[in-house]
Amino acid sequence: MRIALTLKNFRAFSDTHPARIQIGPGYTAFIGTNNAGKSSLLRFVYEFRQAFEWIGQNAPANSFGPNAPEFGIALPTEVPDPEELFNNRNARDIEIDLVVTPTPDDEWDPEDMPEPERLTIRYGGARRNAQLALVPAAPGDDLAWTPTGVLLHGGTPFLHLGLYRRALILLSQAMYIGAFRNAITVGGQRYYDLNIGREFITAWDNFKAGTNRANALAALRVTTGIKEIFGFKDLELNATNDGSNLQVVVDGNQVYMLHELGAGVAHFVVTLAFLAVNQPPIVLIDEPEASLHPSLQIDFLAALAAHGPKALVFATHSIGLARAAADRTYVVRIVEPGVSEVRPLEGFPHLVELLGELSFDGYRELGFDAVLLVEGATDVKVMREFLRKYTDERKILVMPLGGGQLVRPGVAEDLAEFSRISANVWALVDSERSAEDATLPDNVSGFLKDAEGAGFSARALARRAIENYFSDRAVKQVFGSDRRSLEPYEDFADVNPRWAKSDGWRIAREMQQGELAGTDLDEFLNAIAAAVS
């Protein structure tokens, strides 16, 4: 499901500059400078966890409507004074608006839903209690439930509250991971949702050597994943006898204490261990790039996603990391002292300035042999899976063009920014052809002309889009026999039932190289593999 949130009068986001964000399948990134409010957006979910849980699980029917009773919520210990949650520019209540939309992988059929309605949670008043209300408000004495969880107003479906309850439960189960993720900290016990210090060492020992088989398997998966990412032949992570440190055995003959390997390895161990055991549906992480060489930052995000969260939300200073990994990206910036705003990166009017401000060209230091530009954020993970079958994909930085934002004529200046990363830039975009002999749309042909003028190796796919190359075998293997592959020029929107585009990488991972043989995509992948070999 997709959860659209609007925050008013919460910290730096006033009701004149509310934060409008969407959390949904895949990766969501917040980019911006220090103190702009990126971390506040992540902590918001953590700070209002108790309210979300109560509404999702326990709120009675009379809690919804204009005369709803107030209820108190407990704030986490990290918020000793509730006043710090409120905007300093006015004395008005915090308002949290939610609009929830089911996606094809939900248990609810989007076509059976009433029109999306907004649910508002107000937090304020002298006692700092929260109050629920429906907007627009329905008379509280004329509400009734159906057995399937639909709220009726005067006998007419008004809101599918079961869907909203589920969304709120998912938010209450989100795991917040702060920027500090060091396992070895004197006196450290817990940092937001993560155990650190001795508490982490004890927990890891219980995971690995305890009687809970699921936890032991989770510890094994974490160890195996870290071994593969860092290129170790073998890896063991064992608690020391006094429980003060982790002993790391590499390749069977090299013994270290965890701190000797640096904070980067510790980040992987601490974070992945708790994700593997707790399996939260949503992960919120601050500065995933912290203490990691840029070549490992995308691997770290991919490792987080591999442990099963439906949504991964991260705050970063690196626009390069956001554009290389995220399905949706928001710019968080200060508009005046004490007031911030949130805007989608797509269509952001000062993109070139932003690239320089947020160190876009920092990726040149990585030594990538090539940059591959693809159309959308979901295409990034698909192409990384395909590239892995042809070459070492870590040599190639795959980045999205933001669809209509850059796949159009007149973008030569913006495309030149990518040359700051590498002189070897490739581009692959959807053709959107509806038939084999159809001409390219003007936006695609105009983009290709600008890309070729910038010295890029650019082409449009022969088939309609990247999804039109998925094999029927792989689609059925991942999603079941009721799903099918697309014909070469079939529109993805016309397929029913279909998978979520954010899950396309799962099909690409399942595919075999031979299933692409003889296609123009196979030719393209062989060419870029040869260029970086």
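## Salt bridges in the model

A salt bridge is counted here when a side-chain nitrogen of Lys or Arg lies within 4 Å of a carboxyl oxygen of Asp or Glu. The structure is a predicted model, and by this rule it holds 22 salt bridges. One of them joins the side chains of Arg122 and Glu95, with a distance of 3.3 Å from N to O. Arg122 belongs to strand S5, residues 118–124, while Glu95 belongs to strand S4, residues 94–101, so this salt bridge ties together parts of the chain that are 27 residues apart in sequence.

## Strands S4 and S5

The two strands that carry this pair also lie side by side, since S4 and S5 pair in the antiparallel sense over five bridges. Within that pairing, Arg122 is the bridge partner of Glu95 in S5, and the side chains of Arg122 and Glu95 also meet in the salt bridge described above.

How much of S5 is buried? Five of its seven residues are buried, so the strand is largely enclosed by the rest of the structure. Arg122 itself is partly exposed, having a relative accessible area of 29%, and Glu95 on S4 is likewise partly exposed, at 22%.

## Salt bridges elsewhere in the chain

A salt bridge also forms between Glu432 and Arg464, whose closest N and O atoms are 3.9 Å apart. Glu432 sits in the loop between strand S22 (425–429) and helix H12 (442–453), and Arg464 sits in the loop between strand S23 (457–460) and helix H13 (472–479), so the pair ties together parts that are 32 residues apart in sequence. Glu432 counts as partly exposed, at 36% relative accessibility, whereas Arg464, at 15%, counts as buried because the limit for that class is under 20%.

Helix H13 takes part in a further link, for the side chains of Arg473 and Glu510 meet in a salt bridge with a distance of 3.1 Å from N to O. Arg473 is in helix H13 and Glu510 is in helix H14 (residues 504–510), so that this pair links distant parts of the chain, 37 residues apart. Both ends are partly exposed, Arg473 with a relative accessibility of 33% and Glu510 with a relative accessible area of 29%. In another part of the model, Arg11, Arg43, Glu47 and Glu84 are linked in a network of salt bridges.

## Helix H6

Helix H6 runs over residues 263–278, and its 16 residues should span 22 Å at 1.5 Å a residue, which agrees with the 22 Å between its end C-alpha atoms. Of those 16 residues, 13 are buried, so the helix is largely enclosed by the rest of the structure. The residue that follows H6 is Gln279, whose phi is positive, near 45°.

## The chain as a whole

The elements described above are part of a chain that has 15 helices and 23 strands. The chain is 533 residues long, and buried residues make up 55% of them. Among contacts in the chain with a separation of 6 or more, 68% are between residues 24 or more positions apart. The accessible surface of the chain comes to about 22400 Å², and carbon and sulfur atoms account for 46% of that area.

Note on methods. Residues numbered from 1 in each chain as written. Predicted model: local features only at pLDDT ≥ 70, side-chain atom pairs only at ≥ 80, totals over all residues. Heavy atoms only, no water. Helix = DSSP H or I, 4+ residues; strand = E, 2+ residues; numbered from the N terminus. Buried < 20%, exposed > 50% of the residue type's maximum accessible area, 1.4 Å probe, protein only. Pairing = 2+ DSSP bridges. Contact = heavy atoms within 4.5 Å. Areas by Shrake-Rupley, 256 points an atom, 1.4 Å probe, with all protein chains shown as cover. Expected span 1.5 Å × (residues − 1).
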